[in-house]
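Let's take a walk through this protein together, one helix or residue at a time. Keep the picture open and look for each spot as it comes up.

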Amino acid sequence: MLDKTSVSVIRCLNKLANGCTYKVVTSEEINSTLPQKSQHDAETLKFTLDFLEKQEYINIKFSEENTYCYSILPKARIVLENTTHE
């Protein structure tokens, strides 16, 4: 089960992707889209993104410093559908 921060990051990534297959974003862009209580430093955010990739919620095509190219995977879309009512 995902914690609230992971779900918030998935929601944020989905919003930033805006229907694109792959999207390039910086950790600053991710943090600016997250609710203030879910914002983290770049290292913590990297840890969350790595966790989401290992659990197959997102695919990270590449990452360099604080820049990520990612796509949302079906497993994350299921989470989004199931949490939109919360």
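Phe47 is exposed: its relative accessible area is 61%, and the cut-off for calling a residue exposed is over 50%. Keep in mind as you look that this is a predicted model. You'll find Phe47 in helix 3. Try comparing its place with that of Glu81: the two are 34 residues apart in sequence, and their C-alpha atoms are 24 Å apart in space.

**Helix 3, end to end**

Helix 3 covers residues 42–54. Does its length add up? Let's do the sum in words.

How far should the 13 residues of helix 3 span at 1.5 Å a residue? The expected span is 18 Å, and the end C-alpha atoms are indeed 18 Å apart, so the two values agree.

At the N-terminal end of helix 3, Asp41 acts as a cap. One of its side-chain oxygens lies 3.0 Å from the backbone nitrogen of Glu43. After the helix comes Glu56, with a positive phi near 65°. We'll get back to that residue further on.

**Two sides of helix 3**

Which residues of helix 3 are buried? They are Leu45, Thr48, Leu49 and Leu52. Looking down the axis of helix 3, you'd see these buried residues fall within an arc of 95°, so they line one face of the helix. Here's a handy thing to remember: an α-helix has 3.6 residues a turn, so residues three or four places apart point the same way.

What does the buried side of helix 3 pack against? Its partners are helix 1 (4–17), helix 2 (27–33), strand 2 (58–64) and strand 3 (67–72). Turned away from that buried side, the other face carries the exposed residues Glu43, Phe47 and Lys54.

Thr48 is worth a stop of its own. Its relative accessibility is 8%, and the limit for buried is under 20%, so Thr48 counts as buried. If you skip its neighbours within four places in sequence, Thr48 is in contact with Ser6 and Val9.

**Helix 4 in the same way**

Helix 4 runs over residues 74–83, and its buried residues are Ala76, Val79, Leu80 and Thr83. Down the axis of helix 4, these buried residues fall within an arc of 100°, so they line one face of that helix. They pack against helix 1 and strand 3. On the other side of helix 4 you'll spot Pro74, Glu81 and Asn82, which are exposed.

**Ser27 and Lys23**

Is Ser27 in helix 2 buried or exposed? With 2% relative accessibility, Ser27 counts as buried. Leaving out residues up to four places away in sequence, Ser27 touches Ala42, Leu45, Asn66 and Tyr68. Leu45 is also one of the buried residues of helix 3.

Now slide over to Lys23, which lies in strand 1. It is partly exposed, with a relative accessible area of 27%. Lys23 and Cys69 are 46 residues apart in sequence, yet their C-alpha atoms are 5.4 Å apart in space. Leaving aside neighbours within four places in sequence, Lys23 is in contact with Leu16, Ala17, Tyr68, Cys69 and Tyr70.

**Two residues with a positive phi**

Most residues other than glycine have a negative phi. Here are two residues that have a positive one instead:

| Residue | Phi | Relative accessible area | Place |
|---|---|---|---|
| Asn18 | near 50° | 67% (exposed) | loop between helix 1 and strand 1 |
| Glu56 | near 65° | 54% (exposed) | loop between helix 3 and strand 2 |

Asn18 sits in a loop, and Glu56 is in a loop too. Glu56 is the residue we met following helix 3.

**Rings and charges**

Finally, let's check the aromatic rings. How many aromatic pairs are there? The count comes to 0. For a pair to count, the ring centres must lie within 6.5 Å.

Some rings do have a lysine over them, though. The charged end of Lys61 sits over the ring of Tyr22, at 4.9 Å from its centre. Over the face of Tyr57 lies Lys75, 4.7 Å from the ring centre.

Terms used:
Residues are numbered from 1 along each chain as its sequence is written. This is a predicted model: local features need pLDDT of at least 70, side-chain atom pairs count only at pLDDT 80 or more; totals for chains, interfaces and linings use all residues. Side-chain values use heavy atoms; hydrogens and water are left out. Rings of Phe, Tyr and Trp (its six-membered ring) pair if their centres lie within 6.5 Å; planes under 30 degrees apart count as stacked, over 60 as edge-to-face and the rest as tilted. A charge sits over a ring if NZ of Lys or CZ of Arg is within 6 Å of the ring centre and within 35 degrees of the ring normal. Helices (H or I, at least four residues) and strands (E, at least two) are DSSP runs, numbered from the N terminus. Buried means under 20% relative accessible area, exposed over 50%, partly exposed in between (1.4 Å probe, protein chains only). Contact means heavy atoms within 4.5 Å. The expected span of a helix is 1.5 Å times one less than its number of residues. The arc is that of the directions from the helix axis to the C-beta atoms. A polar contact is a pair of N or O atoms within 3.5 Å; within protein, one must be able to donate a hydrogen and the other to accept it, and residues adjacent in sequence count only if both atoms are side-chain atoms.
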